[in-house]
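Welcome to this short tour! Keep your viewer open and your mouse ready, and we will go from one selection to the next.

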Amino acid sequence: MPSAVAVPIRQRMIELRQQGKSYRAIAEALGQSRHSVRQICRRWSQGGDSALTPDYQHCGHGGIRSERLIWRAAI
């Protein structure tokens with residue numbers, strides 16, 4: 001899973017969406033995936049500005065898979 005999108009980029013996504021831009025246009029303008037733009041805009045519409053804070057527990061890999069990859073890389 002990729003790293004979290006920075007808060008200023010999230011805020012810009014919302015600004016562009018409020019201006020009537022499509023998810024695809026926002027994604028291309030900001031160098032993000034359409035899925036990320038859509039998810040962030042949905043979270044914002046449901047939770048307001050407080051929903052723009054990244055949920056770091058869902059970022060990156062964790063758990064057994066990461067441990068196995070580290071172990072394999074060490075060998």
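Start by selecting Arg-17 and Tyr-23 together: Arg-17 lies over the face of the Tyr-23 ring, 3.9 Å from the ring centre. Keep in mind as you look that this is a predicted model.

While rings are on your screen, you might hunt for two aromatic rings paired with each other. How many aromatic pairs does the structure hold? The count is zero.

Next, select residues 7–18. This stretch is helix H1, and Arg-12 is found in it. Now highlight Arg-12 alone. Is Arg-12 buried, partly exposed or exposed? Its relative accessibility is 35%, and partly exposed covers the range between 20% and 50%, so Arg-12 counts as partly exposed.

Stay with Arg-12 and show what surrounds it. Setting aside neighbours within four places in sequence, Arg-12 is in contact with Gln-19 and Leu-30. Try drawing a line from the C-alpha of Arg-12 to the C-alpha of Leu-30: they are 8.5 Å apart in space, while 18 residues separate the two in sequence.

Finally, zoom out and switch to a cartoon view. The protein chain has four helices and zero strands, so following the sequence you read α-α-α-α. Colour the chain by burial, and you will find that buried residues make up 19% of its 75 residues. Switch on the surface too: the chain exposes about 5600 Å², with carbon and sulfur atoms supplying 51% of that area.

One last view is the contact map. Among contacts between residues at least 6 apart in sequence, 52% join residues at least 24 apart.

Methods. Residues are numbered from 1 along each chain as its sequence is written. This is a predicted model: local features need pLDDT of at least 70, side-chain atom pairs count only at pLDDT 80 or more; totals for chains, interfaces and linings use all residues. Side-chain values use heavy atoms; hydrogens and water are left out. Helices (H or I, at least four residues) and strands (E, at least two) are DSSP runs, numbered from the N terminus. Buried means under 20% relative accessible area, exposed over 50%, partly exposed in between (1.4 Å probe, protein chains only). Contact means heavy atoms within 4.5 Å. Accessible areas come from the Shrake-Rupley method with a 1.4 Å probe; for residues, only the protein chains shown count as cover. Rings of Phe, Tyr and Trp (its six-membered ring) pair if their centres lie within 6.5 Å; planes under 30 degrees apart count as stacked, over 60 as edge-to-face and the rest as tilted. A charge sits over a ring if NZ of Lys or CZ of Arg is within 6 Å of the ring centre and within 35 degrees of the ring normal.
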